[in-house]
Amino acid sequence: MPHKSDSIIPDVIVIGGGFSSAILTHTLSKQGYTVIVLEASERLGGRLSTIELNGRAIDAGCSFVHGYSDSHPLHALSSELGVEIEYAGATKPAIISNKEALDDATAATLQTALTKAIEAAKDSKTHTAHNSLKKVLLESLESTIDGKETLALATAYINSLDAPLGMPVEEVTDLTRFGWEKPLDGKDALVKGGYAVLFDAIWQSALDTGKVTVLKEQKCVSISTKDKVKTIVSTTRGQLESKVIVCTVPLSTLSTIEFHPPLPAEKQSAIADTRVGLLEKLICTYKKNWWGDRNSFTILPTRSTHHSAKEVLESHVLNVQAFENHPTLLIYLPPGAVRLLAMYSKQEVENAGAEVLAESLGGADVDKKSATPLKTHLTTWKKDSNSNGATTTYCTPQQLRALQTAVADDRLGFGGEHTEIDNHGSVNGAVLSGLREAKRVAGYLERRAAN
Ligand SMILES: Cc1cc2nc3c(=O)[nH]c(=O)nc-3n(C[C@H](O)[C@H](O)[C@H](O)COP(=O)(O)OP(=O)(O)OC[C@H]3O[C@@H](n4cnc5c(N)ncnc54)[C@H](O)[C@@H]3O)c2cc1C
């Protein structure tokens, strides 16, 4: 028999209001379960944030739907909600060295050689805990590239991997943690109007069930599963009870929550040892396009000193994206630069970014007025105490499995990008974790109702 208080205790408390929570809440509420969502900040979205810059919607957090295809978990849901997801246009990349674009043949040589080197590093027999990624990549480049000058360019180009990795390549000293994932297969796509269009539609559909209560500015500080009938969440504003809890807060904030009883040792060590990468976006929007028809640039370093924000940018590889329908440039600030730029003001970093873009992409005779942004935006994911960085990186499948495992006889579960094995670090990971947890929670609640 279900416990007599089951009729008054809400079914589920979901902690956190990001993409994982949206999918979990949507799925459970559609099945008729009652869900309370506790979000620490004053907005839902987490590491998803579509901002408006000079009248244009720009994604300041996640932007691409990776591995998109008809079987992608967001495909059917977005059609049902009437939200369009379209494939991203073909990239027309350029590599910039000393303020000039390399000729297409040299750029293609560098790109092909690095792609091969990455594949070699993934398959390497030297895939061991004592072999650095930089060393393996360099060995491969040395064997495929002719000419000292091209090899020097290719060596600098390796650090274009820093931004997607969330850590400098030099710090990848254990190859067993690199490139083992088999993420969803398909092309990159974009949500028309920005990721928030889809995210808001998912929440609205969940709220329309009448089964969901969202409580914002409710930071979870502790979770108790000591009572066998109800689970208790304490927030900065009070206490709430439910039959089951799913905690979807990011990995880097998980350690700020007290668990009673304490979490199993394996989970505690996975929380302490799994890396969270760094990535920020610096977005500049202009009156009109002044950089031509390329939509993707890699700017190679021109110096090694760091005496100003501009020098910090000039001493790192900068991956830059341009947009098809609006005159905007976006620099993916790599982790090394993010660390060094922490001592400069937002204004200093934004000004430095705009100058580097103008000099690197506009050449000597760039029209200064056109290359002065109308608006700029610098993200602060590292400073935000509800995210504390970008995403999970440089980890092992064992760590992610430990992060994923539910405890307290299935009454306390864990979701979020850091709990999905092959797709960690992405929206896909968050979405898949939401679907996984919804299935597990529904199973638990069915068993509970039947007993
Ligand atoms: C700059 C950047 C670019 C990215 N680009 C892409 C991309 O192009 N494609 C892609 O697939 N992925 C991208 N990602 C990754 C993607 O954004 C994340 O993987 C995904 O949004 C994570 O969703 P989540 O639900 O796991 O976590 P989150 O979105 O972080 O949600 C967790 C929620 O928990 C809340 N919270 C935290 N602590 C507490 C607490 N104690 N109590 C209550 N609530 C709490 C947070 O405020 C947040 O709302 C990017 C990330 C960044 C930072």
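A residue counts as near a molecule when its C-beta atom, placed from the backbone, lies within 6 Å of it, and helices and strands here are DSSP runs numbered from the N terminus.

**View 1. The ligand and the residues around it.** This is a predicted model. Around the ligand sit 42 residues, and Gly16, Gly18, Gly46, Cys62 and Asn386 come nearest. Sorted by character, the shell has 16 nonpolar residues, 21 polar ones and five charged ones.

**View 2. Who supplies the shell.** Helix H1 (19-30), strand S5 (64-68) and helix H14 (427-450) each put at least two residues into the shell around the ligand. H14 gives the most, with four residues.

**View 3. Helix H3 from end to end.** H3 takes in residues 104-123, 20 residues in total. From its first C-alpha to its last it reaches 29 Å, close to the 28 Å expected at 1.5 Å a residue.

**View 4. The two sides of H3.** Leu110, Ala113, Leu114, Ala117 and Ala121 are the buried ones to look for in H3. Seen down the helix axis, the buried residues of H3 fall within an arc of 100°, so they line one face of the helix. Turned away from that buried side is a face with the exposed residues Asp104, Ala105, Thr112, Thr115, Glu119 and Asp123.

**View 5. What H3 leans on.** The buried residues of H3 pack against one strand, S7 (93-97), and against helices H4 (133-144) and H5 (148-157).

**View 6. Stepping back to the protein.** Now for the setting of these close-ups: the protein has 14 helices and 23 strands. Of its 451 residues, 45% count as buried.

How values were computed. Residues numbered from 1 in each chain as written. Predicted model: local features only at pLDDT ≥ 70, side-chain atom pairs only at ≥ 80, totals over all residues. Nonpolar A, V, L, I, M, F, W, Y, C, P; charged D, E, K, R; others polar. Buried ≥ 20, exposed ≤ 12 C-beta atoms within 10 Å, placed from the backbone. Expected span 1.5 Å × (residues − 1). Arc of directions from axis to C-beta. Contact = placed C-beta atoms within 7 Å.
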